[in-house]
Amino acid sequence: MTVFPKQNDFYPKKVLLIDDNVRIIFAITLVLELQGMEVVYAKNGKLGIETLKDNPDVEVILMDIIMPEMNGIEATQEIRKLDQYKEIPIITLTAKVMKGDREKCLAAGATDYLTKPVDTDQLLSVIRKWTTTPAISLVDT
């Protein structure tokens, strides 16, 4: 597990974590905050959308799939209907891997898909992949 960043790719990124499991919220928040990120969270999809609207500077969403009231697939679909969030990276997380889940998540508008328990190095790599702007070469080719 990477605890301290070798380079500060993540500061000052703001992450919205939508998950109903307090232990997952605590563990992921700890990992992300150690990387210099700010984390806001919600316990279901409906609250997640409200939290997103209250935090327009969120740069990436981590979305659990199975939650009460509004699940992650429904929340992802609703977020994609909002013009200002059509392109925001949404990384879905699930503990109960069912056949076709990845495809359902991506079809709903998810950007990427990870399974729980979350491998922290993989999570950080995926966040970096979707939030870091690639360097532009200044050398003529």
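A salt bridge is taken here as a side-chain nitrogen of Lys or Arg within 4 Å of a carboxyl oxygen of Asp or Glu. Lys81 and Glu78 meet this criterion, with their side chains 3.0 Å apart, N to O. Lys81 is exposed, at 57% relative accessibility, while Glu78 is partly exposed at 33%. In the predicted model, the count of salt bridges under this rule comes to nine.

Confidence was considered next. The protein has an average pLDDT of 85, and 84% of the residues score at least 70. Residues 135–141 have pLDDT under 50, and the model has zero contacts for them beyond four places in sequence. Where pLDDT is low, predicted coordinates should not be read in detail.

Two further salt bridges connect distant parts of the chain. One of the nine is formed by Lys14 and Asp57, whose side chains meet at 3.1 Å, N to O. This pair spans 43 residues, from Lys14 in strand β1 (residues 14–18) to Asp57 in the loop between α2 (45–54) and β3 (60–64). The relative accessible area of Lys14 is 7%, so this residue counts as buried, whereas Asp57 is partly exposed at 44%. Lys14 and Asp57 also belong to one network with Glu38, joined by salt bridges that share partners.

The other pair consists of Glu69 and Lys46, with the closest N and O atoms 3.6 Å apart. Here the partners are 23 residues apart, Glu69 being in the loop between β3 and α3 (72–80) and Lys46 in helix α2. Glu69 is exposed, with 61% relative accessibility, and Lys46 is partly exposed, with a relative accessible area of 41%.

Lysine also occurs at buried positions outside these pairs. Lys116 lies in the loop between β5 (112–115) and α5 (120–131). Its relative accessibility is 14%, and Lys116 is therefore classed as buried, the limit for that class being under 20%. The side chain of Lys116 makes a polar contact of 3.1 Å with that of Asp64. Asp64 is also in the list of residues in contact with Lys116 beyond four places in sequence, together with Asp19, Ile24, Leu93, Thr94 and Ala95. For Ile24, the separation along the chain is 92 residues, and the C-alpha atoms of Lys116 and Ile24 are 9.3 Å apart.

Lys13 is located in the segment before β1. This residue is buried as well, at a relative accessible area of 9%. A polar atom of the Lys13 side chain lies 3.5 Å from the backbone oxygen of Thr131. Beyond four places in sequence, Lys13 contacts Met37, Glu38, Glu59 and Thr131.

A nonpolar patch is found on the surface, formed by Phe26, Leu30 and Leu34, which together have about 290 Å² of accessible area. Leu34 is placed in helix α1 (residues 22–34). With a relative accessible area of 32%, Leu34 is partly exposed. Membership of a patch requires over 30%, so the value of 32% for Leu34 satisfies that cut-off.

Key. Residues are numbered from 1 along each chain as its sequence is written. This is a predicted model: local features need pLDDT of at least 70, side-chain atom pairs count only at pLDDT 80 or more; totals for chains, interfaces and linings use all residues. Side-chain values use heavy atoms; hydrogens and water are left out. Patches are made of residues with over 30% relative accessible area and no salt bridge: like charges are joined within 9 Å, nonpolar side chains (Val, Leu, Ile, Met, Phe, Trp, Tyr) within 5 Å. Accessible areas come from the Shrake-Rupley method with a 1.4 Å probe; for residues, only the protein chains shown count as cover. Helices (H or I, at least four residues) and strands (E, at least two) are DSSP runs, numbered from the N terminus. Buried means under 20% relative accessible area, exposed over 50%, partly exposed in between (1.4 Å probe, protein chains only). pLDDT is the predictor's confidence in each residue, from 0 to 100. Contact means heavy atoms within 4.5 Å. A polar contact is a pair of N or O atoms within 3.5 Å; within protein, one must be able to donate a hydrogen and the other to accept it, and residues adjacent in sequence count only if both atoms are side-chain atoms.
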